[in-house]
Amino acid sequence: MIRWNFPGNQGGQMKGVADPGIENFNGTELSSLVREICQNSLDAALNEDNPMVCVEFERYIVKEDDIPGICEYRRILKQCSKFWDQSPSEKAKQFLKDALKHAESKSGFVLRISDYNTTGLADPYIEFGDSFKFSFDGWNALVKIDGGANKCGDKAGAYGIGKNAPFSNSYYRLVFYRTLNQKNERAAQGISRLMSFQQDGNIASGVGYYGNPNGNNPVECIEELESINKRTEKGTDVFIYGFKGNGEWENDIIVALLENFLISIYNGHLRVRVQNSEINPNTLGSYMEKVHEMRYRETKSTYSNYLCLIRNADVKQYSLNFHGMGTIELKILVDSNEKLDRKILVVRKAGMKLFRLGNISKLVPFSGIMELKGEVLNKYFRSMESVAHDNWEPGRHANPKEAKKYYEEIKEWIRKIVAELAEYTSDDEMEVKGLSGVLQQELDIVEANSSDKKRETLNDYLENIDIIKRPEKNASKGFFFGKGDLGNNESMNTTGTLQSIGEPAIRILKGERKRKKRDSHRGLPDLNGKDIVVQKKFGGESACPLKSVRVIKKNMGVYSVNFEIPHDVEVGRIELVSVGENGKLNRIHVKSVSAVDGCNNVKMTGEYIEIKELFAAKKIKIDVQLIDTRDYAMEVNLYEYK
C-alpha cells in the first residue's frame, strides 16, 4: 500500500521550521535550484569526458486530486499546525498557515525537472533481513542521507546540502523523485521536509516519505507522476509540488542558467529546455542578447564572459601547467569599446561557475575566464570549496598551508598578466595640470554565487589607479635654478637680522615680526646696517601637465609609474606625494628608481627623482621602490627645469 509515513524521533531531537539546509537557499530559491540540479546532472553524465546532458524545466497546473497523497498530507499539515500553535515561534505558525492555504487550493503548480543522457540513481531499494545492505550512493544519497557528502574525486557536490534546494521552492515542502537507472530499475517516491509534530502519542521526526512504508522504500510507479510525464530514457526526474515560481519564472531560470553554466552550454556539455525554449550552443547567442537587454544589471558580468568566448582578435590566452596536477587556462578579452566587468570568472569541471575574482584593475577594460583542466587539479581545489561552492577557502583543505600557497600562486599569476595589460592598454585619458594617478588600497571581498556580492580580491600586489582632478595649485619651489648642473647658484645674499652670529637663527627679512620657525641659513654681521643672510634661491622650474597617468603596484613597495607629456623635456624632476583624507600632501620617500621607457636617464638626487631627456612621442615609464611597503593614495608631479 502506498501512503505517507513520518517516522518517530524516538524521543530525540525535534525539528523546527528553520531547516538549515532549506534556509541556506532563502532569497535565491530558483537560481540555487537551477545551479544544484544542473550540477548534479552534469556529474551524472553517461560520458564524463564528453558530457552531452539535457535538462528540462516544465511547469504544469495540477488539480488537487492529481497530487499524490494530498488528502493525507493536508491532515499531517494540520497536525503540525496544531502542535506548533502552542509554541512562541511566529515563523513556524506563519509557514504552516501559508502551507495549508496552498495545499488546500483547488489547483496549483508543479515544476518537473528531468535530465537525460545521465546514469539515473542506482540502488533505490533497501534489502532487509539477514542480508541487509545499504548503499551510500545513488538513490539513498539523495533521499535518505542528510548532510552526507557522497561525491568523490572531482565531482562538484561535497556537502550534501544541494538536495534541499527543491524544497525551498515549494510552499509546503513537497518533492517527488523518479528514476530509471542503468540496471533498468524504476523507482518513485515522495519526500516532505516539515517540522516535528505529535502523532499517535509520539513525536514525528518531521521528514516524511510517500511510498512503501516498509523501510520507507520507493515504489516502481506513482500514477500521478506518470500522468504528467512518462520516462522512457535513463535519467532522473524531480517534481516540485506547490511550486513558488511567479510569472517571470522562465526568464529567472534562463538568467540563472547563463550565469552558472555559460561555459557548459557554449562547449556543448549541457543543453536546457525551459518550457518551450531550448538553450544550446546554437541558440545561446540569441538568448544571451535577449536576457541582457531585459536584465542588464543582472547579466553584465555574464555578458562580458560571453563576449570573451565569442571574440577572437581581442582575446588573449594564457596557459599554466600547475604542479603537474593539470592545466589552468586563462582567456582575457580587452576592449575599450565595451562595458566589460573587469573580473575573472573561475569555472571548474564541465564549465560550472564557482566565483569571480574582482577588484583586479580599473585601468584595463577586460573580462576573463579561468578554467581548471584535469581531474587531479579539480579534485585538489574542490576540497577548498565553500558549502555553497562559490569560493575557495584554503582552511578547508587537508593541507591548508599548501592550499593557501597554491591559491596565492594562481592569483599572483593573474596579477602579473593583468599588470602587463595595464601597461599597454589605455581606455581613459585626461590631461590635467599638476595631477596624477591615485593608488587606492582595495578591500578584501569574495564574489558570491548568484549576486556577486562577495568578491575575491587580488590587491595584495596589483592596485588600480583612477585619474582624479585636483584644484590648480602654485608650482612647488625650485629644485635647481637652471638645467641640471648648468644653472646658477642655488643661494643668494639678502639682508636680515641674526639672533646668533654665524649660527642657525631666527631671522627677520623685513618688518618687525619675528619668525616662529627656525631656519638653517647662516649669516654674517654687517657693521653698516642689516646683517647679511644667505638665503635659498627659488624659481627656475614650472609644472609640466601629465596625461594617462598610471601607477601600477608590481610588488610590495615596488611600483611602475607611467605617464605621457605634451612636449619633450630636457631635464626635470618627478615628485611622488601621498594624499591624506584631509587633503594634506606629504612627499613619499623613494629608495631607488630605474628608467624603463621614454627617457634616457633617471636617478635619485636627494629627496627627488631627477629625470633627463623625456620624449613626448613615447609613454614615459619608470620603476620606483619606496622605502616602506605601505599603500598610499599617490599623486605624481613632473616639474620641468627652465
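Good morning. A search of the whole structure finds 18 aromatic pairs, where rings of Phe, Tyr and Trp (its six-membered ring) pair if their centres lie within 6.5 Å. One of them joins Tyr73 and Tyr172, with 6.1 Å from centre to centre and 55° between the planes, a tilted arrangement. By the convention used here, planes under 30 degrees apart count as stacked, over 60 as edge-to-face and the rest as tilted. Tyr73 belongs to helix α3 and Tyr172 to strand β4 (residues 170–180), and these positions lie 99 residues apart in the numbering. Helices (H or I, at least four residues) and strands (E, at least two) are DSSP runs, numbered from the N terminus.

Before continuing, I should state that this is a predicted model, in which local features need pLDDT of at least 70 and side-chain atom pairs count only at pLDDT 80 or more, while totals for chains, interfaces and linings use all residues. Residues are numbered from 1 along each chain as its sequence is written, and side-chain values use heavy atoms, with hydrogens and water left out.

Are Tyr73 and Tyr172 buried or exposed? Both are buried, a word that stands for under 20% relative accessible area, with exposed meaning over 50% and partly exposed in between (1.4 Å probe, protein chains only). The two tyrosines also belong to one aromatic cluster, together with Trp4, Phe6, Phe176, Phe197, Tyr210 and Tyr241.

Let us turn to the sheet. It is open and has five strands in the order β12-β13-β16-β14-β15, with mixed pairing. Why do β12 (315–321) and β15 (353–357) each have one side without a neighbour in the sheet? They stand at the edges, each with a single partner strand, so one side of each remains free of a neighbour there. From one strand to the next, the twist averages 20°. Two strands are said to pair if DSSP finds at least two bridges between them. Strands β13 (residues 327–334) and β16 (residues 366–373) pair in the antiparallel sense over eight bridges; within β16, Ser367 is the bridge partner of Leu333.

Across the five strands β12, β13, β14 (344–347), β15 and β16 lies helix α10 (residues 296–310), which runs at about 75° to β16. Such angles run from 0 to 180 degrees between N-to-C directions, with axes fitted to C-alpha atoms, for helices over the stretch in contact, and contact means heavy atoms within 4.5 Å. Helix α10 has a kink of about 35° centred on Thr302; the bend at a residue is the angle between axes fitted to the seven residues ending there and the seven starting there. Among the buried residues of α10 are Thr302, Tyr303 and Leu307.

Finally, the salt bridges. The structure holds 31 of them, each a side-chain nitrogen of Lys or Arg within 4 Å of a carboxyl oxygen of Asp or Glu. Glu259 and Arg356 form one, at 2.8 Å from N to O. Glu259 sits in helix α8 (residues 249–266) and Arg356 in strand β15, 97 residues apart, and both residues are buried. In another, Arg311 meets Asp335 at 2.9 Å, N to O. Arg311 is in the loop between α10 and β12, and Asp335 in the loop between β13 and β14, so this pair ties together parts 24 residues apart in sequence. Arg311 is partly exposed, at 22% relative accessible area, whereas Asp335, at 11%, counts as buried.
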